[in-house]
Amino acid sequence: MASMARASSGLQYPERFYAAASYAGFDGSPRSSSKAVRAKFNSESALILYALYQQATVGPCNTPEPSAWNAVEKSKWSSWKKLADMASTEAMRLFVKILEEEDPGWYSRASNSVSEPVIDVQMNQNSKVGPVVENGNSYPETKTISTENGSIQEAQDKDVVSEGIGSVGVYDQWIAPPVSGQRPKARYEHGAAVIQDKMYIYGGNHNGRYLNDLHVFDLRSWTWSKIEAKVGAESHDSPSPVTISPCAGHSLIPWGNKLISVAGHTKDPTESIQVKAFDLHTSTWSFLKTYGKPPTSRGGQSVTLIGGSLVIFGGQDAKRTLLNDLHILDLETMTWDEIDAVGVSPSPRSDHAAAVHADRYLLIFGGGSHATCFNDLHVLDMQTMEWSRPTQQGEIPTPRAGHAGVPVGENWFIVGGGDNKSGVSETVVLNMSTLVWSVVTTVEGRIPVASEGLSLVVGSYNGEDVLLSFGGYNGRYNNEVNILKPSHKSSLQSKMETSVPDSVSAVHNATTASRDVESEYGAGQEGKIREIVMDNVDTEAMKFRGKNFNEHLMATLKGDKEELESSLSKEKAQSLQLKQELSEAETRNTDLYKELQSVRGQLASEQSRCFKLEVELAELRQKLQTMEALQKELELLQRQKAASEQAALNAKKQGSGGVWGWLAGTPGSEKSDDA
């Protein structure tokens, strides 16, 4: 019987942080000296823990920079300063996460004041005490181990069944299979791809450090192994060796016997996207020389293989600028082409998911910006290069970013992701033909499949498709493999073949007949016809068998066809009526246009007459101003004339008085003096 393991999560924050700080030696106790901390951790980890502890307990660094001669204090101050305005809660979470990575057994070895989480395991096997193996290292930690059929299984702190390989027979349930070999280092934002029953994991992010290691997981033996990759020449033209920089947020694409790694964040980013290939036969990395204008360097983009081309959309560049550009790399000619698609493209985003349907339609779902996450669905028709945003149906997923997706037939499975608050626990599937969402399964607790930055690929086990997830981050970095065998079938034929195998040809012929109606009725009725076919198959499959089912199905489809043809006739009649109404409206519009032209002519005439009147008015105003000036000049002349006449009169009077005085013997000058 399968064993179910479930454990409590222990102390919650902030108590868990203070317990971790006490264990690490940052609580002010006698063991909290720098020597004690450095003895327990390496220098780099000790600096990071110190900075996070200060950020969580004190806040952002506002202390003066220490003297350059004190190298230790300068390093501690610099590490703390780099955290900038990080929230206290985030610093606590990162402190505990890094401690768990450096010392996985810290919680069980903490002081007695911290209660050990209770593990409640229900099983019929004996319990044993064994070491925890992580990254190839053994840590002495007490855990419950069950023995079943000679295999050893660990009880895990999550809601995932830990069973043997035979348990893959269970559908729609995440299974943590027993694996062997040296597991890769825990990580997220890595690349994953499957070639010939082997899953390859490359690069990723661990504690902010980019990785460049390559691991392979054999799906037949469930065994991990590390590939010692060699570095080849950059190209035939330049035989000098290349340096494979660690990266994260890249995309890993299987192509023949090669793995193609596209884009990704690196410590020293380049200006444009780099494309490198790993040859599985020679175990050699090499850069691929491309032509045309390559896209800007980025990470968190989606890269989708469609035919012989890679379609790149979105992502975030080295300056944290979100992108929504579209580029295509032809793998035959290695030539880049930037696509200017019509329609409304998705908003700039990164960490979204993409899939191709029917080798024609590119689907983009979710993703995030700096402030929010999305749950919108966009479709790009690769033939017409036109974006559209169709209506989603069913149980539409919540907004998320950092999720992973993989198509299986016409079904697109989406796992993980988060919304900046919590991880997503549902595994959902989208039927890409009907655009209907449904929930496959839901998990509980902090488990790897409810993480951000995990990978999801499809492999094969016993001739059936299985989903494989690896890694991710949900408060701690993960390096576990989980598998799920989906019950969703990828086509109508696969749904019908178990119950009515003789009806497959009839369904195909009927569907072909329906497609003839579709071509006449238009693209708008495509979804309706598909729903009718699917609904009739689902509801009638249990009632009829063999020939009776075929006859009934054909009759039903013929009835549907007649109904659609009748609807088409009605639509045509309505279209004819609308055309007549449109013609009448155009006639009225022509009359109104003529009348408008007449009114415009009259208005132009009136405007011309008004202009003339304004000119005449201006002339009259000018004449009036001239008359006013003449009037003033006349008045001035009249005053001058009057003054002249008065002066002359006065002079005349003075002249007559002088003659009589002379006659009287009195000189005029004397009279004037007397006066």
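Me: What is pLDDT?
Reply: pLDDT is the predictor's confidence in each residue, from 0 to 100. This is a predicted model.

Me: How do you know that confidence is low over residues 669–675?
Reply: The scale runs from 0 to 100, and pLDDT stays under 50 over residues 669–675. The model has 0 contacts for them beyond four places in sequence. Contact means heavy atoms within 4.5 Å, so no such pair joins residues 669–675 to anything beyond four places in sequence.

Me: What of residues 490–546?
Reply: Here too the pLDDT is below 50. Yet this stretch has 60 contacts in the model beyond near neighbours in sequence.

Me: What is the mean pLDDT of the chain?
Reply: The mean is 78. Of the residues, 72% reach 70 or more.

Me: What makes helix 1 mostly covered?
Reply: Buried means under 20% relative accessible area. In helix 1 (residues 15–24), 8 of its 10 residues are buried, so the helix is mostly covered. Among them are Arg 16, Phe 17 and Tyr 23.

Me: What follows helix 1?
Reply: Gly 25 does, and its phi is positive, near 100 degrees.

Me: Why are strands 8 and 9 called a pair?
Reply: Two strands pair if DSSP finds at least two bridges between them. Strand 8 (residues 198–206) and strand 9 (residues 209–218) have 8 bridges, so they pair, in the antiparallel sense. Ile 201 stands opposite His 215 in strand 9.

Me: What makes strand 7 and strand 10 edge strands?
Reply: The open sheet has 4 strands in the order 7-8-9-10. Strand 7 (191–194) and strand 10 (223–227) each pair on one side only. From one strand to the next, the twist averages 25 degrees.

Note on methods:
Residues numbered from 1 in each chain as written. Predicted model: local features only at pLDDT ≥ 70, side-chain atom pairs only at ≥ 80, totals over all residues. Heavy atoms only, no water. Helix = DSSP H or I, 4+ residues; strand = E, 2+ residues; numbered from the N terminus. Axes fitted to C-alpha atoms, helices over the stretch in contact; angles between N-to-C directions. Buried < 20%, exposed > 50% of the residue type's maximum accessible area, 1.4 Å probe, protein only.
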